[in-house]
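Reader: I would like a close look at the aromatic residues in this protein and at what lies around them. Please take one part at a time and keep it plain.

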Amino acid sequence: MTNRLIIQFIRPMDPNFPTPPLDDYLYWESKYQSGETGWDRGAPSPALIEVIRLLPPPKRVLVPGCGTGNDVRYLASLKIEAVGIDFAPSAIETAKKKAHSPFEKYILGDIFSLPQQFHGSFDLIWEHTCFCAIPPSKRPNYVQSMYNMLRSDGLFLGIFFLDTESSDEPPPYCFTLSEIDRHFDPYFQLEAEWLPSFCYPGREGEEIVRLYKKLS
């Protein structure tokens, strides 16, 4: 029998319940339960729509921090097996309720401790606002985990914020492209980078797309 998470609803404004850290699933769970999900645009990333048709068709894609599944559903609509991972139970519950394709799958889990059966089982990873939402101290763990999930010569496709310095408080956590280089270069070869032609309204000129190939 699978153990189910016991969810404690935390009201962020209640002084009796201090806000948990961002790497605690209860932080994100409280956001979903209170409807404070401004990052969820209700539609797939325009950059994903733009690029996925230009790549060799992937068979299996991992979407870390998938939220309510906007990007997963889009990939599944192309008959690509897409697996979304999130550790906020309400996000996964919503994603499952919205699911309408046999090609989409959602798993409640932690991207830093994914099941062994996932290792080496994906030929593409799509990164979208997950990297910027984790504490900087965990970035090496994130890159290592994504490396482990990919098959040999697998691809990592991500859209990253160019300017995160304007944020008063995280998320998003600030970073520079040179920092991304420092984390990714030991594990991946940068194949291409470009400014997306399409993006969510309000994000024009704020994002860059990078395509990496897993090193042997």
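**Aromatic rings and their surroundings**

Author: The charged end of Arg60 sits over the ring of Phe122, at 4.4 Å from the ring centre. The model is a predicted one. A second charge is placed in this way over Tyr147, where the charged end of Lys214 lies 4.4 Å from the centre of the ring.

Next come the ring pairs. A search of the whole structure gives 15 aromatic pairs. In one of them, Phe118 and Phe122 meet edge-to-face, with 5.6 Å from centre to centre and 85 degrees between the planes. Phe118 and Phe122 are both buried. Another pair, Phe156 with Phe188, is tilted, with centres 5.8 Å apart and planes at 50 degrees. Phe156 belongs to strand S5 and Phe188 to strand S6 (residues 188-194), so this pair ties together parts that are 32 residues apart in sequence. Phe156 and Phe188 are both buried too.

Phe156 and Phe188 also belong to a cluster linked by ring pairs, whose other members are Phe131, Tyr142, Tyr147, Phe160, Phe184, Tyr187 and Tyr212. Tyr147 in this cluster is the ring under the charged end of Lys214.

Two members of the cluster, Phe131 and Phe160, also line the largest cavity. The structure holds one cavity of 30 Å³ or more, and about 40 Å³ of space lies in the largest cavity. Besides Phe131 and Phe160, the lining is made up of Glu127, Thr129, Cys132, Ile159, Phe161, Phe175 and Glu207. By type, six of the lining residues are nonpolar, one is polar and two are charged. Strand S5 (residues 150-161) gives the largest share of the lining, three residues. Strand S5 is also where Phe156 lies.

Strand S6 is followed by a loop that leads to strand S7 (207-214), and Ser197 lies in that loop. Ser197 has a relative accessibility of 55% and counts as exposed. In space, the C-alpha of Ser197 is 7.4 Å from that of Ala47, although 150 residues separate the two in sequence.

Away from these rings, Thr68 gives a contrasting case. Thr68 is placed in the loop between strand S1 (60-64) and helix H3 (70-77). With a relative accessible area of 7%, Thr68 is buried; the cut-off for buried is under 20%. Apart from neighbours within four places in sequence, Thr68 contacts Tyr32, Asp40, Arg73, Ala91, Thr94, Ala95 and Lys98. Of these contacts, Ala91 and Ala95 are among the buried residues of helix H4 (residues 89-98), together with Pro89, Ser90 and Ile92. The cover over the buried residues of H4 includes helix H1 (25-34), H3, strand S2 (81-86) and strand S3 (104-108).

As for the whole protein, there are six helices and seven strands, in the order α-α-β-α-β-α-β-β-α-β-α-β-β from the N terminus. Of the 216 residues, 48% are buried. Among contacts between residues at least 6 apart in sequence, 68% join residues at least 24 apart. The pair of Phe156 and Phe188, from parts 32 residues apart, is one example of a link between separate strands.

How values were computed
Residues numbered from 1 in each chain as written. Predicted model: local features only at pLDDT ≥ 70, side-chain atom pairs only at ≥ 80, totals over all residues. Heavy atoms only, no water. 1 Å grid on protein atoms, 1.4 Å probe; cavity = no way out; pocket = protein on both sides within 12 Å on 5 of 7 lines; lining within 4 Å. Points joined across faces, edges and corners; volume = space filled by probe spheres on them. Helix = DSSP H or I, 4+ residues; strand = E, 2+ residues; numbered from the N terminus. Nonpolar A, V, L, I, M, F, W, Y, C, P; charged D, E, K, R; others polar. Phe/Tyr/Trp six-rings, centres within 6.5 Å; stacked < 30°, edge-to-face > 60°. Buried < 20%, exposed > 50% of the residue type's maximum accessible area, 1.4 Å probe, protein only. Lys NZ or Arg CZ within 6 Å of the ring centre and 35° of its normal. Contact = heavy atoms within 4.5 Å.
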